[in-house]
Amino acid sequence: LQYRYDGVPFKPYVKELYTPNGVNFLLDAPSDHLHHHALMFAVAVDGVNFWEEAPTAGHEVHDAFGSVWADANDGGACAGFKESIRWAASQDRPCSLLENRAITICRVPQVNATMLVWRSRFELPKDVRQVTLSGSHYFGLGLRFVRSMDGSEFFNAGGKAGTIFRGEERLVQSDWCAYTAAVDGKTVTVAMFGHPANPRPTTWFTMAKPFAYISATLNLHAEPLVVPADKPLALQYAVVAWDGKVGEERIDAAYRWFVDECSRVSTSE
């Protein structure tokens, strides 16, 4: 994993993420969408757009790392960090949201995959009573695939067709969503998981043409989410990557491991 946090104008993000055999499948800042930063999290807060990087866009400002650690977990290599981030309408204005982000990256022998776990806890600054999260139908934890992976087909738990939003874009509610395609002739399968403890079931935004993209969303375009001062918002997702083609049975097994066992992976070393 490679993580960018310093010298980024709008948001920290995961720039590269590799399968167990060392294949990176993330694309950062392509010419068609410069604001697509590989694996990133962004929504709108009280009407301020943190997704698109226009002059009026909000800024996710890195403050500090709480810890950076490396260890072993059930026989697999494991590392991670905690990060404090201020969400502000502009870099020189008070923040509207405080994020405690924890990212853990593991090689999980039980599922023979690389697993990235993304945990974000959002709290409000002092004297702010509530904020409202909203945005387009793709706002959330977004992943842009490298160009050679464009044009394949997404699949999900239960084989749901989902609904067409526009063109190639689909929205579907499911525990997980996955994609198999080739990177420079090497087939990889990438799945994203939403944890059942999240405040809403995950609605997946997917599109394969003209480019491949997936987002784990809170369905904010249809139903904005109010975050009160006395109830922080906690979100947990995972990105899992295999070498080769992987079917629903193995992805289901990895999802169960994520839900049942992953809580034992420490993020506070």
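Colleague: Which strand gives the largest share of the lining of the largest pocket?

Modeller: That's β12, with 3 residues. Keep in mind that this is a predicted model. Three strands each supply at least two residues of that lining: β12 (154-156), β14 (169-173) and β17 (203-207).

Colleague: What volume does the largest pocket have?

Modeller: About 340 Å³. There are 20 residues lining the largest pocket, and the closest to its centre are Glu 153, Phe 154, Glu 168, Arg 170 and Thr 206.

Colleague: How do the residues of that lining divide into nonpolar, polar and charged?

Modeller: For the largest pocket you get 8 nonpolar, 7 polar and 5 charged.

Colleague: OK, and how much space lies in the second largest pocket?

Modeller: About 160 Å³. Its lining divides into 6 nonpolar, 3 polar and 3 charged residues.

Colleague: Which residues line the second largest pocket?

Modeller: Among them are His 33, His 35 and His 36, along with Trp 51, Tyr 138, Phe 205 and Tyr 213. Glu 52, Arg 166 and Glu 169 are also in that lining.

Colleague: Some of those are aromatic. Which residues form one aromatic cluster?

Modeller: Trp 51, Tyr 138, Phe 139, Phe 205 and Tyr 213. You just met Trp 51, Tyr 138, Phe 205 and Tyr 213 in the lining of the second largest pocket.

Colleague: Let's stay with rings. How many aromatic pairs does the structure hold?

Modeller: It holds 20 aromatic pairs. Take Phe 65 and Phe 81: the ring centres are 5.4 Å apart and the planes sit at 80°, so the pair is edge-to-face. This pair links distant parts of the chain, with Phe 65 in strand β6 (residues 59-73) and Phe 81 in strand β7, 16 residues apart.

Colleague: Is Phe 65 buried or partly exposed? And what about Phe 81?

Modeller: Phe 65 counts as partly exposed, at 30% relative accessibility. Phe 81 counts as buried, because its relative accessibility is 10% and the cut-off for buried is under 20%.

Colleague: Got another pair for me?

Modeller: Sure. Phe 155 and Trp 176 are edge-to-face too, 5.9 Å centre to centre with 85° between the planes. Phe 155 lies in strand β12 and Trp 176 in strand β15, so the pair ties together parts that are 21 residues apart in sequence. Trp 176 has a relative accessible area of 0%, so this residue is buried.

Colleague: And Cys 177, is that one buried or exposed?

Modeller: Cys 177 is buried, with a relative accessible area of 1%.

Colleague: Which cysteines does a disulfide join, then?

Modeller: Cys 78 and Cys 106, with an S to S distance of 2.3 Å. The two are 28 residues apart and link distant parts of the chain: Cys 78 is in strand β7 (residues 76-88), and Cys 106 is in strand β8 (residues 95-108). The structure holds 1 disulfide, and both Cys 78 and Cys 106 are buried.

Colleague: Remind me, what is a disulfide?

Modeller: It's a covalent bond between the sulfur atoms of two cysteines.

Colleague: Switching to strands. Why is β16 largely enclosed by the rest of the structure?

Modeller: Because 7 of the 9 residues of β16 (residues 186-194) are buried.

Colleague: Which strands does β16 pair with?

Modeller: One partner is β15 (residues 176-183), antiparallel over 8 bridges. Another is β20 (residues 233-243), which runs antiparallel to β16 and is joined to it by 7 bridges. For examples, Ala 182 has Thr 187 in β16 as its bridge partner, while Thr 189 stands opposite Trp 242 in β20.

Colleague: How many residues lie between β15 and β16?

Modeller: There are 2 residues between them, and the two strands form a hairpin. Asp 184 in the turn has a positive phi of about 50°.

Colleague: Last topic: what order do the strands have in the open sheet of 4 strands?

Modeller: The order is β5-β4-β10-β19, with antiparallel pairing. β5 (48-49) and β19 (225-228) stand at the edges with a single partner strand each, so one side of each is left without a neighbour in the sheet.

Colleague: How many bridges join β4 to β5?

Modeller: 2 bridges join β4 (residues 44-45) to β5, and the strands run antiparallel. In that pairing, Val 45 has Val 48 in β5 as its bridge partner.

Methods
Residues are numbered from 1 along each chain as its sequence is written. This is a predicted model: local features need pLDDT of at least 70, side-chain atom pairs count only at pLDDT 80 or more; totals for chains, interfaces and linings use all residues. Side-chain values use heavy atoms; hydrogens and water are left out. On a 1 Å grid over the protein atoms alone, a cavity is a set of points where a 1.4 Å probe fits but cannot get out, and a pocket is an open set with protein on both sides within 12 Å along at least five of seven lines; lining residues have an atom within 4 Å of a point. Grid points are joined across faces, edges and corners, and a volume is the space filled by probe spheres set on the points. Ala, Val, Leu, Ile, Met, Phe, Trp, Tyr, Cys and Pro count as nonpolar, Asp, Glu, Lys and Arg as charged, and the others, Gly among them, as polar. Buried means under 20% relative accessible area, exposed over 50%, partly exposed in between (1.4 Å probe, protein chains only). Two strands pair if DSSP finds at least two bridges between them. A disulfide is a pair of cysteine sulfur atoms within 2.5 Å. Rings of Phe, Tyr and Trp (its six-membered ring) pair if their centres lie within 6.5 Å; planes under 30 degrees apart count as stacked, over 60 as edge-to-face and the rest as tilted.
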